[in-house]
Amino acid sequence: MVQFHATTICAVRRSENDIAIGGDGQVTMGETAIMKNGARKVKKIYGGKVLTGFAGSVADAFTLTEKFESKLEEHSGNLKKAAVDLAQLWRSDRGMRSLEALMIVADRNEILVLSGNGEIIAPDYGFVAIGSGGNYAYSAANALYNHTDMSAEEIVRESLKIASSICVYTNDHIVVEKL
């Protein structure tokens, strides 16, 4: 089976009015072929009040995003309750257990990372990154967050740009959404 490697997602929250999430556009098939340069892996949901970004299988991520948005509707936009519900469903539902993706979700109050094994991680700091180039973007975001006055959007863009210069599965076709 050919594996698709995708992607790098970075989220930064400077304040309740300065939140951004971004991702690169590369989808790589196997170890040698770039299938797409301009995939969109971040978006606003729930009436533009929640940001999401995903790394992993694109089809799985679309499924998870749809299910997460329905959980937000059920819980009147409560990010944590929707995340807990999705994680429980993801872990317990036989069909969903095989979905391979990580998600970052964010609203004006917090950032969470959701995984298929039922983990819900609230980062210690106001930034997080996932995916193939996640460690590179995280390191860059850490330095920029702590040693500059850059906005959340500027940190996300620069962190992804740095990751794209190091990680072969990350490109510089960057899309950023912000609240």
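Strand E8 (residues 101-106) has five of its six residues buried, so the rest of the structure largely encloses this strand. The model is predicted. E8 pairs with strand E7 (residues 50-56) through six bridges and with strand E9 (residues 111-115) through five. E7, E8 and E9 each give two or more residues to the largest nonpolar core, which has 18 members. The structure also holds seven salt bridges and zero disulfides.

**Strand E8 and its partners**

- E7 and E8 run antiparallel, and Thr52 has Val105 in E8 as its bridge partner.
- E8 and E9 also run antiparallel, and the bridge partner of Leu102 in E9 is Ser115.
- The connection from E8 to E9 is a hairpin of four residues.
- In a regular strand, side chains alternate between the two faces of the sheet.
- The burial of E8 nevertheless covers five of its six residues, so the strand is largely enclosed by the rest of the structure.

**Largest nonpolar core**

- The core has 18 residues, and those that touch the most other members are Val50, Phe68, Leu72, Leu79, Met103, Val105 and Leu114.
- Two or more residues come from each of E7, helix H1 (58-74), helix H2 (79-92), E8 and E9.
- Helix H2 is the main contributor, giving five residues to this core.
- Val105 thus appears in two roles: as the bridge partner of Thr52 and as one of the core residues that touch the most other members.

**Salt bridges**

- Among the seven salt bridges is the one between Glu177 and Arg40, whose closest N and O atoms are 2.2 Å apart.
- Glu177 lies in strand E12 and Arg40 in the loop between strand E5 (33-36) and strand E6 (42-45), so this pair ties together parts that are 137 residues apart in sequence.
- Glu177 is buried, at 16% relative accessible area, whereas Arg40 is partly exposed, at 45%.
- Glu110 forms a salt bridge with Lys80, with 3.7 Å between the closest N and O atoms.
- Because Glu110 is in the loop between E8 and E9 and Lys80 is in helix H2, the pair ties together parts that are 30 residues apart in sequence.
- Lys80 has 47% relative accessibility and counts as partly exposed.
- Glu153 forms a salt bridge with Lys178, the closest N and O atoms being 3.0 Å apart.
- Glu153 belongs to helix H4 and Lys178 to strand E12, so this contact ties together parts that are 25 residues apart in sequence.
- Lys178 is partly exposed, at a relative accessible area of 44%.
- Lys71, Glu74 and Asp85 are joined into one network by salt bridges that share partners.

**Cysteines**

- The structure holds zero disulfides, and Cys10 is in none, its nearest cysteine sulfur being that of Cys167, 13 Å away.
- A disulfide requires two cysteine sulfur atoms within 2.5 Å.
- For Cys167, which is likewise in no disulfide, the nearest cysteine sulfur is that of Cys10.
- Cys10 has 0% relative accessibility and counts as buried.
- Cys167 also counts as buried, at 8% relative accessibility.

**Nonpolar surface patch**

- Tyr136, Ile162 and Ile166 make a nonpolar surface patch of about 250 Å².
- Ile166 sits in the loop between helix H4 (152-164) and strand E12 (175-178).
- The relative accessible area of Ile166 is 46%, which makes this residue partly exposed.

**Positive phi values**

- Most residues other than glycine have a negative phi.
- Tyr46 has a positive phi, near 50°, and is found in the loop between E6 and E7.
- Tyr46 is buried, with 18% relative accessible area.
- Ser76 also has a positive phi, near 50°, and lies in the loop between H1 and H2.
- Ser76 counts as exposed, at 62% relative accessibility.

Technical notes
Residues numbered from 1 in each chain as written. Predicted model: local features only at pLDDT ≥ 70, side-chain atom pairs only at ≥ 80, totals over all residues. Heavy atoms only, no water. Buried < 20%, exposed > 50% of the residue type's maximum accessible area, 1.4 Å probe, protein only. Pairing = 2+ DSSP bridges. Patch = residues over 30% accessible without salt bridge, like charges linked within 9 Å, V, L, I, M, F, W, Y side chains within 5 Å. Areas by Shrake-Rupley, 256 points an atom, 1.4 Å probe, with all protein chains shown as cover. Salt bridge = Lys/Arg side-chain N within 4 Å of Asp/Glu carboxyl O. Core = buried A, V, L, I, M, F, W, Y, C linked by side-chain atoms within 4.5 Å.
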